[in-house]
Amino acid sequence: MRYRAHAVTETPVAISLRRATGNDLDTQRFIPGTVLRGALAGVYLEERGLDVGFEALFLRRLVRYGDLRIADTRPWPYSTRQCSADPDRHPKSDNLLREAAGETCRRECAKCRSKLEIPHGYYRYRQPAESLPLQRATQTVRCHRLAHSQVDPAFLRAKPGQFHSSQLMDSGQIFEGFVHSKDAGEEALLKLIGDGRRLYVGRGRSRGQGRIRLSIYPEAGRTAERIGEKIRQMNEAARRFDQLRDSVLFSCTLDSAALVYDRWLCSRSFLDADDLSPDLNGYSGQACFQGRVDLAGWHSTAGLPKAETVAIAAGSCFLFRRNGVRDRDAEYARLAAIFADVEERGIGERLEEGLGEVTFSRTLHSELAGEA
């Protein structure tokens, strides 16, 4: 069962990008699934101790805690480009299909000839007015910087070398994502959260930071029929390019970081069709735009840092292609049935921590394929 997780920041929140060392600390712009999982685990241990409910929630992989992003947004894909001079009014473009067709990706804005850049942060669809259609808009996370200095007791002034600053996400913001559960994990999850509960996440709890209000609501995932429509839409957009007309294509875009190992148990920077499903024989990678991100953290109970590893960054996107398909409609339906299960399950390792959240054949890749 899929639940929408709704979190309101009741105080400023600071979640470290890496191990919290140094005099100037930045914060994540979202609430990672591993942070949410750790906060719930700490509350459960304090209230009920180690029992079968704790095992169902955190040890048996029956519950998957997704990342919570501002206002139900998605990360901009690495294949998207926008005008560096006026990103809000000048059209954006997407290079995933263009790259697969062997065409040169544009480097300048078609309107003002300014340099194109990768959008940062998150986007969502919104309607500026009732008379206007839905539009893609960048959603920013409001942040502020908190600074303080240690006072020298002898001279009652700032102590040299003891100036500290920290970036925090503002209070009063809404972050949303999904929590997937099954069997005994679902029952334990509903008992733990109930109608909603307060949690503390991130650093600075002794200074009044990190308090959120978490609620969950049941919500249906994307159906196979809806995914099939997206696949069809992408292949119709691909027919603008002569090199792609005889192929069946689909894209896989990461909504959260993904950790995928090779046969030597080293993390990879790319995805193969086998990573998605063993039923995708004949499909091969045609284009990709990806980034890397370091995964690190702190084990508060043990008082030790977690081992660092490198993962594929959220926003990375991959396009897969197969030639020689006779019945395209039947193939779209087959792919949709596979992807409905994969979107629910995720890909790669450490899925219970929010890694491996994906969307197949995202609308943005099709809509922006011929723009700018």
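The second largest pocket in this predicted model holds about 640 Å³ of space. Walk around its wall and you'll count 27 lining residues, with Asp 72, Arg 74, Phe 178, Arg 222 and Thr 359 sitting nearest the centre. As for chemistry, the lining splits into 15 charged, 6 polar and 6 nonpolar residues.

Where does that lining come from? At least two residues each are supplied by the strands β1 (2-9), β9 (122-126), β13 (174-181) and β23, and by the helices α5, α7 and α8 (363-367). Keep β23, α5 and α7 in mind, since they turn up again in the next stop on the tour.

That stop is an open sheet of 4 strands, with antiparallel pairing and the order β17-β22-β16-β23. Out at the edges are β17 (284-289) and β23 (358-360), each with a pairing partner on one side only. Going from one strand to the next, the twist averages 20°. At the β17 end, 5 bridges tie that strand to β22 (residues 317-323), and the two run antiparallel. If you want a spot to zoom in on, look at Ser 284, which stands opposite Arg 321 in β22.

Now for the helices. α5 (residues 224-238) packs on the sheet and touches β16 (247-254), β22 and β23. Its direction makes about 115° with that of β16. α7 (residues 328-345) also packs on the sheet, touching β16, β22 and β23, but here the direction makes about 15° with that of β16. And that brings us back to the pocket: α5, α7 and the edge strand β23 are among the elements that each give its lining at least two residues.

Key: Residues are numbered from 1 along each chain as its sequence is written. This is a predicted model: local features need pLDDT of at least 70, side-chain atom pairs count only at pLDDT 80 or more; totals for chains, interfaces and linings use all residues. Side-chain values use heavy atoms; hydrogens and water are left out. Two strands pair if DSSP finds at least two bridges between them. Axes are lines fitted to C-alpha atoms, for helices over the stretch in contact, and angles run from 0 to 180 degrees between N-to-C directions. Contact means heavy atoms within 4.5 Å. On a 1 Å grid over the protein atoms alone, a cavity is a set of points where a 1.4 Å probe fits but cannot get out, and a pocket is an open set with protein on both sides within 12 Å along at least five of seven lines; lining residues have an atom within 4 Å of a point. Grid points are joined across faces, edges and corners, and a volume is the space filled by probe spheres set on the points. Ala, Val, Leu, Ile, Met, Phe, Trp, Tyr, Cys and Pro count as nonpolar, Asp, Glu, Lys and Arg as charged, and the others, Gly among them, as polar.
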